[in-house]
Amino acid sequence: MLEVRNLRKAFGTHEVLKDISFSMRKGEVVAIIGPSGSGKSTLLRCLNQLESASGGTITIDGLTIHADHRLRRQELMALRRKAGMVFQSFNLFPHMTVLRNISLPQERVLGRSRAEADKRSLALLERVGLVDKAGQYPARCSGGQQQRIAIARALALDPQVMLFDEPTSALDPEVGLEVLAVMKELADAGMTMVVVTHEMHFAETVSDRVLLMADGHILEDGPSKEVMRNPKSERAKRFLHAVL
Ligand code: ADP
Ligand code: MG
């Protein structure tokens, strides 16, 4: 479903990703953990081309991007459609209702009619437990509700893989739990997911695999419990000792 080969990314002379390689099967849930500044967000942003890589290749669901080839606009759109992204800040449109926030991208990107889009939006709001908020504006929703709406909005474009960048770190812990619950349901339903998180419990119990990054490298890549309980590298041991 997803394959990253020798991915590199530099900002000027600052090498942020140094030869990153990993792959994922359909339905797999991978958590990415590691100290701040290690390149986790940059990796996710490269996966859906919010950043263009300096080297290497990314393949998502059969579509391959080479860092040294300029993407055509169509390819870029196709790739973005394959990978739905959820950010730490929810980025909902404040001047649109919850329903419009989810329906408009479907109309713009997939060419769905308004009726079709609304139908799908309502089904997704039902799924994240917020169908009663359809007519509200985002400001009237709590942070946890806004993040669940952002998840519904990403799902509405029928992505092959969902990318989450610290989706709960802007939320109170209690509110974060309701977002994690929605993510766990998604995982249980078979969605392929990459989750950058500092929620170690989520990483250990929900994800199939953990990648531990530090300083632009993947230091550990293995089954969640193994990486969390028995890391091989000294750097990973130090990080986990500090956060567990
Ligand atoms: P993480 O998400 O693991 O905290 P990031 O991917 O956000 O790490 O950042 C990794 C490094 O890349 C940091 O040193 C950060 O300052 C740098 N960086 C990230 N984005 C940019 C950018 N747009 N321009 C310059 N440097 C950046
Ligand atoms: Mg980050």
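These are my notebook entries on a predicted model, covering its annotated domain, the shell of ligand 1, the nonpolar cores and three single residues.

**Entry 1: annotation and overall content**

I began with the UniProt record, an unreviewed entry, which places the feature "domain: ABC transporter" at residues 2–240. For that range I looked up the secondary structure and found 39% helix and 26% strand. The C-alpha atoms at the two ends of the range are 27 Å apart.

**Entry 2: ligand 1**

I then asked which residues surround ligand 1. The list comprises Phe11, His14, Val16, Pro35, Ser36, Gly37, Ser38, Gly39, Lys40, Ser41 and Thr42. I sorted these by element: strand 2 (14–24) and helix 1 (40–47) each supply at least two residues of the shell. Helix 1 gives the most, with 3 residues.

I next looked up polar distances to oxygen atoms of ligand 1. A polar backbone atom of Gly37 is 2.7 Å from one such oxygen. For Lys40, an N or O atom of the side chain is 2.8 Å from an oxygen of the ligand. The side chain of Ser41 likewise places an N or O atom 2.8 Å from a ligand oxygen. I also noted the area: ligand 1 taken alone exposes 560 Å², and the protein buries 60% of that.

**Entry 3: helix 1**

As helix 1 contributes to the ligand shell, I checked its cover. It is mostly covered, with 6 of its 8 residues buried. I recorded the buried residues as Lys40, Thr42, Leu43, Leu44, Cys46 and Leu47. Lys40 therefore appears both among the buried residues, each under 20% relative accessible area, and in the shell of ligand 1. After the helix I found Gln49, whose phi is positive, near 65°.

**Entry 4: nonpolar cores**

I looked up the largest nonpolar core, which has 34 residues. Those touching the most other members are Leu125, Ile151, Met162, Phe164, Met183 and Met193. The elements giving two or more residues to this core are helix 3, helix 4 (114–127), helix 5 (143–155), strand 7 (161–165), helix 6 (173–188) and strand 8 (192–196). Another core, of 27 residues, lies apart from it and includes Ile20, Leu43, Cys46 and Leu211. Leu43 and Cys46 are also buried residues of helix 1.

I followed Met183 further. Not counting residues up to four places away in sequence, Met183 touches Ile151, Phe164, Pro167, Met193, Val195 and Phe202.

**Entry 5: Ser103, Lys82 and Asn91**

Is Ser103 buried or exposed? I found a relative accessible area of 0%, so Ser103 is buried. Ser103 sits in helix 3 (residues 98–110). Leaving aside neighbours within four places in sequence, Ser103 is in contact with Ala117, Asp118 and Ser121.

Lys82 is in helix 2 (residues 73–82). I noted that Lys82 counts as buried because its relative accessible area of 18% falls under the 20% cut-off. With neighbours within four places in sequence left aside, the contacts of Lys82 are Ile60, Asp61, Leu63, Pro159, Gln160 and Val161.

I closed with Asn91, in the loop between strand 6 (83–86) and helix 3. Asn91 has a relative accessible area of 44% and is therefore partly exposed. A polar contact of 3.3 Å joins the side chains of Asn91 and Ser89. I also recorded that Asn91 and Pro138, 47 residues apart in sequence, are 9.8 Å apart in space, C-alpha to C-alpha.

Terms used:
Residues are numbered from 1 along each chain as its sequence is written. Chains are lettered from A and ligands numbered from 1 in the order in which they are written. This is a predicted model: local features need pLDDT of at least 70, side-chain atom pairs count only at pLDDT 80 or more; totals for chains, interfaces and linings use all residues. Side-chain values use heavy atoms; hydrogens and water are left out. UniProt positions are given in the numbering used here, feature names are shortened, and annotations may be inferred rather than shown by experiment. Helices (H or I, at least four residues) and strands (E, at least two) are DSSP runs, numbered from the N terminus. Buried means under 20% relative accessible area, exposed over 50%, partly exposed in between (1.4 Å probe, protein chains only). Contact means heavy atoms within 4.5 Å. A nonpolar core is a set of buried Ala, Val, Leu, Ile, Met, Phe, Trp, Tyr and Cys residues joined through side-chain atoms within 4.5 Å. A residue is near a molecule or strand if one of its heavy atoms lies within 4 Å of it. A polar contact is a pair of N or O atoms within 3.5 Å; within protein, one must be able to donate a hydrogen and the other to accept it, and residues adjacent in sequence count only if both atoms are side-chain atoms. Accessible areas come from the Shrake-Rupley method with a 1.4 Å probe; for residues, only the protein chains shown count as cover.
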